[in-house]
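Q: Could you walk me through how the terms used for this model are earned?
A: Gladly, let us take them one at a time.

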Amino acid sequence: MGQLFSATPNHAQHQALVPRFTSYFNNFEMGSLIISQKTFSLIVSLLQKGNIQEANSTIRYALKEIDNTQLDIAVTGESGAGKSSFINALRGVGHEEKDAAPVGVVEMTMERTAYKHPNFPNVRIWELPTIGATNLEPKDYLDKVKFREYDFFIIVSATRFKKIDLDLAKAIKTTKKNFYFVRTKVDSDLRNEEMSKPTTFDRQNVLQQIREDCVRNLKKNNIEEPQVFLISNNNLSEYDFPIMIDSLIKDLPAQKRHIFMFSLPNFMEADIERKRDSQLQYICLEAFSAGVSAFTPFKIFFSNNEVEKLKASLNQYRVLFGVDDASLKTLAKHLQVPEEQLKEIIKSPTLLETEKEETIGEMLFRYLKNFFIHGGGPLGAALYYNKIYYLQLYLLDTVTDDAKVLLKAKYSGKLKKLNIL
């Protein structure tokens, strides 16, 4: 069926990769990149030297590292502080669902327990026993719970952090691991304060008092520049939860940011956009890898393997963004609406289903033309990338829009009244 561009590779085309690569990834903040600054600089250096094969190998290794990375998060704190509720909320799991961390007013955990993410088995959140219940000194406690296995610690309290929490934080600091203080149940504090002082109640003032009290107590006990986040397990989109997630992402090694971002539920549109940016980087790394290894003809014919790859990509994106069939079923149950009603307001479930008079190749070519008409994406058509990568960007944008539609439906709870039908 012909081709859109010439496919003859030359030195000028290879050299064009350098400014394209640097300018594209410079669009992202360093704290959100899914490859390290060291890896980024190495790839640029190899491209500048014309070492195409080594640049390709470096990108492939970085992608493999992202795919295979393990993330382990430790959650500890006093009994009744909401550790289990916090873990369930992070995993997007209801308290009564299968594999949920048991929730109760009595300490439920005497040994460390790992809770795998339902969609990302490489992500494990560990609920650690309350240090006070073990009667161990902080250093011995850390040895008992195998501190070396965790990427970072979250210390949870529903009141002022106690001395045992502070001693634990100091012990964690000596291991060179990051730790964060999470003050839970601030919604209950606000509600109680409003009931007791209905005429003088000031929401922001109460939150500021809680924060200052926590920070003052921590500094008094020689915890320098403590990171304290006020949250409610009942509504993680409120209070400091978004700020906490930003901090965790920036502090993580680059190759672990991708899986951590996707392991989190969609609480706000900003979460969805952050996931899109992360997956966009991944797609473009794949495209650059293919581009530096060979400038292949941009033919319009779609092989069976290419069609299957696109279908697999679409299914993967739907899972990553929580718009897959299993997620739709859960949301439909939550909203008490038929699952089909949700599918009617989004595009991705039927995106690769063709009309009777249109072949799959014709449909994909139509998508491809629309994509280039509207800007061609960040890769730039002049680099002659395989058409599959451009179509993956189109699929990604479609799934991103679907996730935003479902987020709106989730928080409105009234599908028929939404302006999306």
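**Terms and what earns them**

A: Helix H9 (residues 203–220) lies across strand E5 (178–183) and E6, running at about 155 degrees to E6. This is a predicted model, where local features need pLDDT of at least 70, side-chain atom pairs count only at pLDDT 80 or more, and totals for chains, interfaces and linings use all residues. Residues are numbered from 1 along each chain as its sequence is written, and side-chain values use heavy atoms, leaving out hydrogens and water.

Q: What makes 203–220 a helix, and what do contact and the angle to E6 mean?
A: Helices (H or I, at least four residues) and strands (E, at least two) are DSSP runs, numbered from the N terminus. Contact means heavy atoms within 4.5 Å. Axes are lines fitted to C-alpha atoms, for helices over the stretch in contact, and angles run from 0 to 180 degrees between N-to-C directions. H9 is thus given at about 155 degrees to E6.

Q: Why are E2 and E3 said to pair?
A: Two strands pair if DSSP finds at least two bridges between them; four bridges join E2 (residues 113–116) to E3 (residues 123–127), so these antiparallel strands pair. Ala114 stands opposite Trp126 in E3, and six residues lie between the two strands of this hairpin.

Q: What makes E1 a partner of E3?
A: Five bridges join E1 (residues 71–77) to E3, so the pair, which runs parallel, meets the rule. Here Ala74 stands opposite Trp126.

Q: Why is E6 called an edge strand?
A: In the open sheet, with order E2-E3-E1-E4-E5-E6, E2 and E6 (228–230) each pair on one side only.
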